[in-house]
Amino acid sequence: MTHSTTNHPAGEALERRLQYVSDRIEIQDLMVRYALGQDLHQSGDNEVLEQWDTVFAAEATVDYSAAGGSALKDIPYRRLVDVMRGADGSMSGLLKWQHFQGCSTVDIEGDTALARTQHLHTHQGSTDSRGWNLIQTGFFVDRLERRPEGWRIVRRTLEIIWMDTFPTA
């Protein structure tokens with residue numbers, strides 16, 4: 001489990017403390033850009049990589065097996081787009097969605113970091129002309145590295161706390 005354990009003693013250099021704040025803001029922006037990649041591309045627009053390529057390192061892998069079994073364990077992040085958004089993908093039956101990312105706890109050590117970010121994902125779909133909503137809550141656990149282009153996720157794991165589906169009115 002990730003806990004923010006970074007302490008800043010009163011005598012620590014101001015430059016180092018400012019670097020920590022700057023790093024935290026950049027990492028938080030990554031978390032938001034991930035969700036924007038999902039939410040800005042709906043109604044058949046599967047161009048999520050417009051945002052995700054600025055979030056993940058080129059070689060990054062994800063483990064979303066908590067949501068879809070072994071087919072989603074340790075796959076390249078670009079493959080996730082096909083798994084979710086392909087013709088038979090996990091999002092193919094959805095009409096609308098929105099992904100809310102909470103604030104992250106971030107442990108930074110030099111050019112590496114570990115972040116745990118709460119999420120609340122909402123989805124609206126339809127099956128046999130019956131509407132439904134799905135809500136998922138949980139965490140993303142990310143290993144990040146500082147790269148020349150900025151912080152990037154190199155490994156992401158999805159943890160689900162609970163998920164529920166209920167009919168629409």
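In helix 4 (residues 77-85), Y77, L80, V81, M84 and R85 are buried, meaning under 20% relative accessible area with a 1.4 Å probe on protein chains only. They sit on the same side of helix 4 because they cover an arc of only 105° around the axis, taken from the directions from the helix axis to the C-beta atoms. This is a predicted model, where local features need pLDDT of at least 70 and side-chain atom pairs pLDDT 80 or more, while totals for chains, interfaces and linings use all residues. Residues are numbered from 1 along each chain as its sequence is written, and side-chain values use heavy atoms, with hydrogens and water left out. Helices (H or I, at least four residues) and strands (E, at least two) are DSSP runs, numbered from the N terminus.

What do those buried residues pack against? Their partners are helix 1 (14-39), helix 2 (49-52), strand 1 (56-63), strand 2 (75-76) and strand 3 (94-109), with contact meaning heavy atoms within 4.5 Å.

Now for the sheet. It's open, with six strands in the order 2-1-6-5-4-3 and mixed pairing; strands pair if DSSP finds at least two bridges between them. Strand 2 and strand 3 are the edges, each pairing on one side only. Strand 5 (residues 130-147) and strand 6 (residues 150-167) run antiparallel to each other over 16 bridges, and T137 stands opposite W162 in strand 6.

Helix 1 packs on this sheet, touching strand 1, strand 3, strand 4 (112-127), strand 5 and strand 6. Its direction makes about 165° with that of strand 3, using lines fitted to C-alpha atoms (for helices, over the stretch in contact) and N-to-C angles from 0 to 180 degrees.

Definitions and conventions. Buried means under 20% relative accessible area, exposed over 50%, partly exposed in between (1.4 Å probe, protein chains only).
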